[in-house]
Amino acid sequence: MKSKHIIDLEDLSANELTEIIKLANEIKERPSDYAEACKGKILATLFYEPSTRTQMSFKTAMLRLGGSVIGFDNPQNSSVSKGESLKDTITVVGGYTDIIAIRHPLEGTAKAASMYSDAPVINAGDGGHLHPTQTLTDVVTLYNEKGSLDGMTIGLCGDLKNGRTVHSLIKTMSHFRNNRFVLISTPELAVPQYIKDVMNASDCTYLEVPSLIEAMPMLDVLYMTRIQRERFASEEEYEKEKGVFVLDKEKLLSAKRDLKILHPLPRVDEITVEVDDDERAKYFIQTVYGMYARMALIKTMLGNTDKTPTARIFDTHNVQCSNPRCITKTEKYLPKIFREVGGDMLICKYCENRTLI
Ligand code: NCD
């Protein structure tokens with residue numbers, strides 16, 4: 001495999017991504033053929049942040065492959081509550097298990113964990129940054145429901161600033177041909193600059209619109225998202241943004257007949273319940289694709305023959321990342337590693353935030 005760990009879906013080559021999508025479909029068709037594919041292997045799920053689907057689908061995926069699962073879903077029940085560092089937890093768990101799925105409220109945590117784990121690490125969501133296995137879920141859904149991953153007009157609506165599923169999905173879909181993104185949000189919740197940079201560097205185009213009704217007739221896919229209450233600085237700021245975009249039956253009147261409506265879930269109030277009965281609503285079947293997608297990913301990663309121990313990484317710059325939600329803010333021992341992009345700008349390798357020298 002191109003990479004031992006999956007921190008970003010870009011850690012898979014285009015060919016590996018295609019193979020995993022195919023394998024997910026194969027497992028879905030013939031699950032009994034894979035019932036012992038990971039027999040004797042152990043998955044750790046380390047969830048420092050709430051989760052229903054991601055955690056349960058990872059666990060079910062491993063159990064359906066014949067493997068076992070350990071872990072925590074509340075760090076207060078682990079030694080984290082005694083002040084244990086991420087490095088120490090990961091070093092130990094990496095010695096107990098064969099593969100680790102980690103979710104954390106701080107950005108760049110999965111990358112940091114991968115630096116101390118002998119077992120492969122999967123990013124199950126790092127703050128408002130990335131969520132590659134949700135994107136794997138989304139692309140398996142799109143491949144099956146649309147028949148292709150190219151040439152689509154994809155609307156993304158809601159909290160495009162804090163929605164990690166949005167960031168990962170745009171990054172991945174930018175690699176396919178001729179996709180066009182319609183970004184539907186308030187100016188306050190627009191996509192971060194690093195995601196705009198990704199779209200600008202690709203052959204995909206994008207436009208930003210303030211209204212769902214305006215965007216609707218042009219869309220092949222509508223990806224609705226929840227306003228990420230827990231990532232707002234204050235309740236007042238959240239109150240200003242909530243309830244602005246609501247998909248209901250009336251708004252769907254001008255939509256294409258073959259539109260596909262996706263949502264990573266959980267839903268709060270951004271899609272009315274009546275939409276669930278519309279045949280274009282795919283967000284519940286999307287969760288099922290997600291389990292098969294994770295089965296395919298786990299099986300592929302455990303079949304990887306690259307067992308090289310993780311190399312020690314040293315500071316590349318004597319600079320602090322300026323993102324207050326970067327993992328380097330709390331785990332002070334982490335090496336300060338940046339990518340140079342010219343001028344006086346550096347990009348943090350954990351959270352991708354731009355920092356001025
Ligand atoms: C998403 C997440 O955790 O980022 N949920 C999920 O994993 N399916 C979306 C969200 O919480 O809004």
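**What the labels mean in this model**

Trainee: Where does Asp118 lie?

Mentor: Asp118 sits in the loop that runs between helix H4 (109–114) and strand S4 (121–126). Helices (H or I, at least four residues) and strands (E, at least two) are DSSP runs, numbered from the N terminus. Before we go on, please keep in mind that this is a predicted model: local features need pLDDT of at least 70, side-chain atom pairs count only at pLDDT 80 or more, and totals for chains, interfaces and linings use all residues. Residues are numbered from 1 along each chain as its sequence is written, and side-chain values use heavy atoms, with hydrogens and water left out.

Trainee: Why is Asp118 called exposed?

Mentor: Here is the yardstick: buried means under 20% relative accessible area, exposed means over 50%, and partly exposed lies in between (1.4 Å probe, protein chains only). Asp118 has a relative accessible area of 53%, so the label exposed applies. Asp118 also lies 6.9 Å from Gly95, C-alpha to C-alpha, with their positions 23 residues apart in sequence.

Trainee: What makes helix H6 count as largely enclosed?

Mentor: Helix H6 covers residues 164–173, and ten of its ten residues are buried, so the helix is largely enclosed by the rest of the structure. Among those buried residues are Arg164, Thr165, His167 and Lys171.

Trainee: And beyond H6, is Asn178 buried or exposed?

Mentor: Asn178 is in the loop between H6 and strand S6 (180–184). Its relative accessibility is 56%, so it passes the cut-off for exposed. Asn178 also has a phi near 55°, a positive value in a residue other than glycine.

Trainee: Why point out a positive phi?

Mentor: Because most residues other than glycine have a negative phi. Leu265 is another example, with a positive phi of about 60° although it is not a glycine.

Trainee: Where is Leu265, and how do you know whether it is buried or exposed?

Mentor: Leu265 belongs to the loop between S9 and H10. Its relative accessibility is 11%, so Leu265 counts as buried. Pro266 has its place in that loop too, between strand S9 (260–262) and helix H10 (283–302).

Trainee: What joins Leu265 and Pro266?

Mentor: A cis peptide bond, with omega about 10°. Most peptide bonds are trans.

Trainee: Which residues are around the ligand?

Mentor: The shell is made of Thr54, Arg103, His131, Gln134, Arg164, Thr165, Arg226, Gln228, Pro264, Leu265 and Pro266. They count as near the ligand because each has a heavy atom within 4 Å of it.

Trainee: How does that shell divide?

Mentor: Into three nonpolar, five polar and three charged residues. Ala, Val, Leu, Ile, Met, Phe, Trp, Tyr, Cys and Pro count as nonpolar, Asp, Glu, Lys and Arg as charged, and the others, Gly among them, as polar.

Trainee: What makes the pair between His131 and the ligand a polar contact?

Mentor: A polar contact is a pair of N or O atoms within 3.5 Å; within protein, one must be able to donate a hydrogen and the other to accept it, and residues adjacent in sequence count only if both atoms are side-chain atoms. A polar side-chain atom of His131 is 2.7 Å from an oxygen atom of the ligand, so the pair qualifies. For Arg226, a side-chain N or O atom is 2.8 Å from a ligand oxygen. Gln228 also brings a polar side-chain atom to 2.7 Å from an oxygen atom of the ligand. Taken alone, the ligand exposes 310 Å², and the protein buries 94% of that (areas come from the Shrake-Rupley method with a 1.4 Å probe; for residues, only the protein chains shown count as cover).

Trainee: Which residue contacts the backbone of Cys157 and Asp159?

Mentor: Thr225, found in the loop between strand S8 (221–224) and helix H9 (235–241). A polar atom of its side chain lies 2.8 Å from the backbone oxygen of Cys157. The backbone nitrogen of Asp159 lies 3.1 Å from a polar atom of the Thr225 side chain.

Trainee: Why is Thr225 called buried?

Mentor: Its relative accessibility is 4%, so Thr225 falls below the cut-off for buried.
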